[in-house]
Every structure is written in structure tokens, then in C-alpha cells.
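Grab a pencil and keep the viewer open. Try each exercise yourself before you read its solution.

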Amino acid sequence: MFLLGVFVLAILSGGTAAVAGFGIGSLLTPLLATSFGTATAVAAVAIPHAAATALRCWRLRRNIDWTVVRGFGLLSAAGGLIGALLYTRFSNDALTLTLGLLLVSTAVATIVDLPSRVHVRGIVVGLLGLLSGLFGGLAGNQGGLRAAAMLSLSLPPVRYVATATATAMLVDLVRTPIYVWRAGAVLTSLAVPLGVATFGVLIGTLLGERILLGLSIRQFRHAIAVLIGVLGIWLVVQGLN
């Protein structure tokens, strides 16, 4: 039943990431954290996350804005590297609390549509890129900050998604090897659930442009945001306890 749950949630998270721009880390990490601890879950989820991001990046490669990637994307990668190097220095409870707070923040930002309401400029965009990568490396969640920063760049929709995906791919490239290096033995023991999760997110990525259950994109994002918020609150409680 656990593997079935991983598979179903992986498909949902892959589809969510394709539609809403985030979701794999937000949904899969809490599930794996309940069984293996947050530190292990953050490292484990990076593998299916990297696979799904690489697939999206390849499919959207012709629409990537490389000017943005060379600035914002590289800053995000630098933050991801720093976060990945730091994540083992935090206790499981500290990581759980950090992830929970990030999930609650992401849920609130999605429900109020904060990225489209708040327009940042100049150095703030670069700072948000650095911070999004930092949290991506530290706690496996970067989508909310990245979305808020990149919407201010006024990119056309397809170019926005492609460029955000390329940025996420850079973060995955720098953080995943560090995770594997530091948690390799544990990740080897999780080969089966990781294989199931990877297969699921790839299916979800390919199906992601279809809105599940007939919901509009707005309704879908809000439904996912509520789920993420509930998971975040639960993780905050666990971290505080």
C-alpha cells in the first residue's frame, strides 16, 4: 500500500509541477519523511525531481531564455549548492520545521496568487533566485520563491515555464550529487520506492497539461495548495514536538 501511495502521489506531483510550476518536492517529501525522516526524504526526492525536471527541460528546450538562466539561474544554482552542503548540519526536527514552514508559505502564496500580485525588480529578483536555490538545497522546496521572482521578468507563458524548468535543472545538477554522496547508502536501500516515484513523476509530467477531474487551472492550483498547506502544518507540529 505504501508503494501504491508513492506511485499515485508521484503521478499527481509530476502533473502538478507541469501545471503549477512546483509540486514534486512539496508533495513527495512529506510522504517519505513520515517513514524515513526529513533529511533522508529531502535527498531521496531529489532523484525523481531531477528526472522529471530533465524531461520537461528537454521537451521545452527551444523556449528557454538563456539570458535569464545565465543570471537568475546561476544564482539559484549557487544557492542550491550552499543549501545542499548545509542540509546535513541540521537536525531532523529543524529540517522538518523548515520544510513545514516552506510548504505553508507556498500554500498561502498560491491561494492568494501572490506571484502575480507582487512584482519585484532588480537586485531583489537575484536575491530571490539565490534564496529559492538555498531552500531547494536545504529542504527540497524552491518553487514558491522562484515563481514569485520569475513572474516579474514578464516572460511569455511557454518561455516562462521553460526557463523556470532550466533553472530548477541547474539546482538539481548541483544538489543531487551532494545528496548521493552524503546519503548514498541510505538511498540504495530505498531503490524500490525511488524507482516507483521516478516512474510516477515521469508519467505525471507527460500528462501534466491535462487538468485533473475537470478542474480549471486555478481550481487545481488551489486544491493542491490546500493539500500542501495541511501537510505543512502537520510537519510544523512534528518539528516543534
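Below are four exercises on this model, each with a worked solution.

This is a predicted model, where local features need pLDDT of at least 70, side-chain atom pairs count only at pLDDT 80 or more, and totals for chains, interfaces and linings use all residues. Residues are numbered from 1 along each chain as its sequence is written, and side-chain values use heavy atoms, with hydrogens and water left out.

**Exercise 1.** Find how many helices and strands the protein chain has.

*Solution.* Start with the rule: helices (H or I, at least four residues) and strands (E, at least two) are DSSP runs, numbered from the N terminus. Now count: you get eleven helices and zero strands. Then check burial, where buried means under 20% relative accessible area, exposed over 50%, and partly exposed in between (1.4 Å probe, protein chains only). Of the 241 residues in the protein chain, 50% are buried.

**Exercise 2.** Check whether the length of helix 7 (residues 123–139) agrees with its expected span.

*Solution.* The expected span is 1.5 Å times one less than the number of residues. For the 17 residues of helix 7 that gives 24 Å, and the end C-alpha atoms are 24 Å apart, so the two agree. Next, look at its buried residues: among them are Val125, Leu128, Ser132 and Gly136. Step just past helix 7 and you meet Gly140, with a positive phi of about 75 degrees.

**Exercise 3.** Work out which residues have the most contacts inside the largest nonpolar core.

*Solution.* A nonpolar core is a set of buried Ala, Val, Leu, Ile, Met, Phe, Trp, Tyr and Cys residues joined through side-chain atoms within 4.5 Å. The largest one has 28 residues, and Ile24, Leu28, Tyr87 and Tyr179 have the most contacts inside it. Helix 3 gives the most to this core, namely seven residues. A second, separate core has ten residues, including Val68 and Phe72. Now zoom in on Ile24, taking contact as heavy atoms within 4.5 Å. Beyond its neighbours within four places in sequence, Ile24 touches Ser13, His49 and Val201, among others.

**Exercise 4.** Decide whether Val108 is buried, partly exposed or exposed.

*Solution.* First locate Val108: it sits in helix 5. Its relative accessible area is 47%, so Val108 counts as partly exposed. Finally, see its company: Val108, Ile111, Val112, Val226 and Val230 make a nonpolar surface patch of about 390 Å². Helix 5 (92–111) and helix 11 (217–240) each supply at least two residues of that patch. Patch members have over 30% relative accessible area and no salt bridge (a side-chain nitrogen of Lys or Arg within 4 Å of a carboxyl oxygen of Asp or Glu). Like charges are joined within 9 Å, and nonpolar side chains (Val, Leu, Ile, Met, Phe, Trp, Tyr) within 5 Å. Accessible areas come from the Shrake-Rupley method with a 1.4 Å probe; for residues, only the protein chains shown count as cover.
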